[in-house]
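Colleague: I am new to this one. Can you walk me through the model?

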Amino acid sequence: MDFDRLLNIVGQAAIVASLAFVGFQMQQDQDISESEILAFEAGLELSFSELVSQYPLAWMKGLAGDDLTDAEYVQFDAMAYTLFRIHANRGRRGLVFSGRTVGSNGNNLDVENFVYFIHENKGYKAWYEKMLRGRVERDVAYGRSGELCCYPAELKEYLELLERRYPDLDQKAERRLQTY
């Protein structure tokens with residue numbers, strides 16, 4: 001009987017040890033995933049910086065909403081989309097790794113700063129709205145609802161709030177740029 005009891009205790013200890021090991025492995029996998037995402041984000045940020053340094057005129061003209069040549073539009077489009085992906089990935093990372101809902105606490109500074117940037121730069125805002133229209137049109141074409149979700153939906157809510165509260169904010173930014 002004592003031998004059976006000893007085997008039972010050893011079996012239970014083995015189960016507890018294996019559960020602890022599985023928990024450790026899951027934490028390690030999550031750490032690896034987060035590191036990979038952070039490395040990807042760093043690569044995006046580096047790409048964005050390189051694009052802006054290579055094509056500063058296209059970036060400035062695009063932000064201001066000035067007319068762009070075809071080549072400048074391609075350059076601006078690449079920079080604008082890369083910037084959008086950087087911020088969207090930060091929002092997604094926040095959802096995945098911290099378990100929070102983006103913006104739910106009212107203090108999501110990255111989202112608020114990015115929305116302010118969009119609202120303040122009429123050329124980027126026009127690009128962003130065109131990009132969203134394209135997404136909605138594709139969704140509808142494939143039989144989906146066309147309703148924005150996740151990060152673009154949150155940005156749209158913040159933009160609408162800014163436009164209601166500060167409708168002339170982009171004009172103030174333009175006047176500020178003209179003083180430089």
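Colleague: What span should helix α5 have at 1.5 Å a residue?

Modeller: This is a predicted model. Helix α5 covers residues 122-141, which makes 20 residues. Its end C-alpha atoms lie 28 Å apart, and this agrees with the expected span because 1.5 Å a residue also gives 28 Å.

Colleague: Which residues of α5 are buried?

Modeller: Buried means under 20% relative accessible area. In α5, the residues that meet this are G123, Y124, K125, W127, Y128, M131, L132 and G134.

Colleague: Which residue after α5 has a positive phi?

Modeller: Look at what follows α5. A phi near 85° is found there, and the residue is G143.

Colleague: Which residues of helix α2 are buried, and what phi does G65 take?

Modeller: Helix α2 runs over residues 56-64, and its buried residues are A58, W59, K61, G62 and L63. G65 comes just after α2. Its phi is positive, about 85°.

Colleague: Which residues make the nonpolar surface patch of about 420 Å²?

Modeller: One member, L6, sits in helix α1, residues 2-54. The full patch is made by F3, L6, L7 and V10.

Colleague: How many helices and strands does the protein chain have?

Modeller: Along the sequence the pattern reads α-α-α-α-α-α-α. The count is seven helices and zero strands.

Colleague: What share of the contacts between residues at least 6 apart in sequence joins residues at least 24 apart?

Modeller: The protein chain has 180 residues, and 29% of them are buried. Contact means heavy atoms within 4.5 Å. Among contacts between residues at least 6 apart in sequence, the share joining residues at least 24 apart is 68%.

Notes. Residues are numbered from 1 along each chain as its sequence is written. This is a predicted model: local features need pLDDT of at least 70, side-chain atom pairs count only at pLDDT 80 or more; totals for chains, interfaces and linings use all residues. Side-chain values use heavy atoms; hydrogens and water are left out. Buried means under 20% relative accessible area, exposed over 50%, partly exposed in between (1.4 Å probe, protein chains only). Helices (H or I, at least four residues) and strands (E, at least two) are DSSP runs, numbered from the N terminus. Patches are made of residues with over 30% relative accessible area and no salt bridge: like charges are joined within 9 Å, nonpolar side chains (Val, Leu, Ile, Met, Phe, Trp, Tyr) within 5 Å. Accessible areas come from the Shrake-Rupley method with a 1.4 Å probe; for residues, only the protein chains shown count as cover. A salt bridge is a side-chain nitrogen of Lys or Arg within 4 Å of a carboxyl oxygen of Asp or Glu. The expected span of a helix is 1.5 Å times one less than its number of residues.
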